[in-house]
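Grab a pencil and work through a few exercises on the chain shown here. Try each task yourself before you read its solution.

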Amino acid sequence: MGASSSKGRGFWPFSGGSSRVDSGNGTEQAVARIRGCKTSATPFVFTRRSSMYFDEDGDLAHEFYEETIVTKNGRKKAKLKRIHKNLTPQGMIRLTHPRIHVDFPVVLCEV
């Protein structure tokens with residue numbers, strides 16, 4: 001298992017050097033904002049890449065299998081073979097509830 005990180009993929013709005021933090025009344029953590037940018041960056045994620053695929057029939061699933069008959073020593077045996085070809089990714093899907101980005105550098109709960 002690995003952690004997802006976006007530091008190697010390009011500009012990230014929550015990096016320490018290019019952002020400033022607006023402090024509120026002291027009890028709330030402020031959202032990091034980018035200097036000189038028309039749109040402000042938020043720590044929330046609204047979409048994600050789906051892990052599901054469409055097959056050629058239009059069915060949607062994580063994995064697709066095909067039943068094949070194997071004859072061994074005169075006996076017929078059914079096996080499932082995983083299909084890797086002709087699958088189309090579902091693409092980006094909208095989340096029902098916004099999530100906090102994994103790289104957002106703010107402590108949410110302090111004990």
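## Exercise 1: Lys76 and its strand

Lys76 touches Ile69, Val70 and Thr71, once we skip its neighbours within four places in sequence; contact means heavy atoms within 4.5 Å. Before we go on, note that this is a predicted model, where local features need pLDDT of at least 70 and side-chain atom pairs count only at pLDDT 80 or more, while totals for chains, interfaces and linings use all residues. Residues are numbered from 1 along each chain as its sequence is written, and side-chain values use heavy atoms, with hydrogens and water left out.

**Task.** Find out which strand holds Lys76, and decide whether Lys76 is buried or exposed.

**Solution.**
- Step 1: Look up the strand. Lys76 sits in β7, residues 75-82. (Helices, H or I with at least four residues, and strands, E with at least two, are DSSP runs numbered from the N terminus.)
- Step 2: Check the accessibility. Buried means under 20% relative accessible area, exposed over 50%, and partly exposed in between, using a 1.4 Å probe and protein chains only. Lys76 has 71%, so it is exposed.

## Exercise 2: A hairpin

**Task.** Work out how β6 and β7 are joined, and what is unusual about Asn73 in the turn.

**Solution.**
- Step 1: Count the bridges. β6 and β7 run antiparallel and are joined by eight bridges. Two strands pair if DSSP finds at least two bridges between them. As an example, Val70 has Lys77 in β7 as its bridge partner.
- Step 2: Look at the turn. The two strands make a hairpin with two residues between them, and Asn73 lies in the loop between β6 (65-72) and β7.
- Step 3: Check phi. Most residues other than glycine have a negative phi. Asn73 isn't a glycine, yet its phi is positive, about 55°.
- Step 4: Check the surroundings. Asn73 has 73% relative accessibility, so it counts as exposed. In β6, zero of the eight residues are buried, so the strand lies largely in the open.

## Exercise 3: A buried Asp

**Task.** Place Asp55 in the chain, then look for a charge partner and for polar atoms around it.

**Solution.**
- Step 1: Asp55 is in the loop between β4 (53-54) and β5 (60-61).
- Step 2: Asp55 is buried but has no salt bridge. (A salt bridge is a side-chain nitrogen of Lys or Arg within 4 Å of a carboxyl oxygen of Asp or Glu.) The nearest side chain of opposite charge belongs to Arg82, 12 Å away; Lys and Arg count as positive and Asp and Glu as negative, while His and the chain ends are not counted.
- Step 3: A polar atom of the Asp55 side chain lies 2.8 Å from the backbone nitrogen of Asp59.
- Step 4: Skipping neighbours within four places in sequence, Asp55 is in contact with Phe64, Asn86 and Leu87.
- Step 5: Follow up on Asn86. Asn86 sits in the loop between β7 and β8, isn't a glycine and has a positive phi of about 60°. With 57% relative accessibility, Asn86 counts as exposed.

## Exercise 4: A small sheet

**Task.** Which strands stand at the edges of the open sheet β5-β4-β8?

**Solution.**
- Step 1: Three strands form this open sheet, in the order β5-β4-β8, with antiparallel pairing.
- Step 2: β5 and β8 (88-89) are at the edges with a single partner strand each, so one side of each has no neighbour in the sheet.
- Step 3: Zoom in on one pair. Two bridges join β4 to β5, and Tyr53 has Ala61 in β5 as its bridge partner.

How values were computed. Polar contact = N/O pair within 3.5 Å; in protein donor to acceptor, adjacent residues only side chain to side chain.
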